[in-house]
Amino acid sequence: MSRIKNMGNEEAILKLKELVEAIDICMFCTNLKTDNGASCRPMSTQKVCDEGNIWFFSNADSDKNKEIDQDENVQLFYSHPGKDSFLIVNGVAELIYDGEKIEELWSPVLNAWFPGGKEDANISIIKVIPTTAYYWDTDGNKMINFLKMVASAATGKNLADGNEGTLKLNSL
């Protein structure tokens with residue numbers, strides 16, 4: 001049975017962290033007015049901070065950054081089918097060029113994208129301030145939930161355990 005649970009700021013931030021950390025990669029969408037998907041690209045999340053902001057590294061000269069300069073509204077689509085967890089985040093993006101923040105968020109794997117390391121002149125950070133988010137996830141063991149879905153299809157009654165709801169974050 002699907003349960004709808006809408007969460008306020010503190011509880012919402014914890015749920016956001018849980019889902020984003022488990023999934024990590026999202027489709028990061030800019031230029032939302034075109035609505036054609038061409039300005040969506042996979043991005044790895046660096047961190048979700050205690051305020052609920054989501055942090056990414058980006059090339060300063062990227063199309064993504066240029067699109068954020070034109071329109072700060074973004075959407076992030078997280079999907080982990082293996083865990084039946086899904087999350088859509090609506091937010092406002094801010095471009096940051098701050099050596100201290102780079103130091104705080106840096107990971108050695110980033111050398112693949114920034115050959116100059118932490119000092120690379122092409123590094124920028126994107127801070128996404130979520131305004132709202134919507135999630136879907138299931139409780140318990142994936143195999144048990146699969147069997148419940150099969151039984152649901154056979155009986156016509158929804159027996160699968162799941163949660164969905166709105167996360168209300170950082171009212172702007």
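Cys29 in β2 has Cys40 in β3 as its bridge partner. Keep in mind that this is a predicted model: local features need pLDDT of at least 70, side-chain atom pairs count only at pLDDT 80 or more, and totals for chains, interfaces and linings use all residues. Residues are numbered from 1 along each chain as its sequence is written, and side-chain values use heavy atoms, leaving out hydrogens and water.

Here's how β2 pairs up (two strands pair if DSSP finds at least two bridges between them; strands are DSSP runs of E with at least two residues, helices are runs of H or I with at least four, and both are numbered from the N terminus).

| Strands | Sense | Bridges |
|---|---|---|
| β2 (residues 25-29) and β3 (residues 40-44) | antiparallel | five |
| β2 and β6 (residues 73-80) | antiparallel | four |

On the β6 side, Cys26 stands opposite Tyr78.

Tyr78 also turns up in the largest nonpolar core, where it is among the residues that touch the most other members, along with Phe28 and Val128. A nonpolar core is a set of buried Ala, Val, Leu, Ile, Met, Phe, Trp, Tyr and Cys residues joined through side-chain atoms within 4.5 Å. This core has 24 residues, and α1 (9-23) gives the most, with five.

Now for Val128: leaving aside neighbours within four places in sequence, Val128 is in contact (heavy atoms within 4.5 Å) with residues including Phe28, Asn53 and Val92. Asn53 sits in the loop between β4 (47-48) and β5 (54-59). Is Asn53 buried or exposed? Asn53 counts as buried because its relative accessibility is 7%; buried means under 20% relative accessible area, exposed over 50%, and partly exposed in between, with a 1.4 Å probe and protein chains only.
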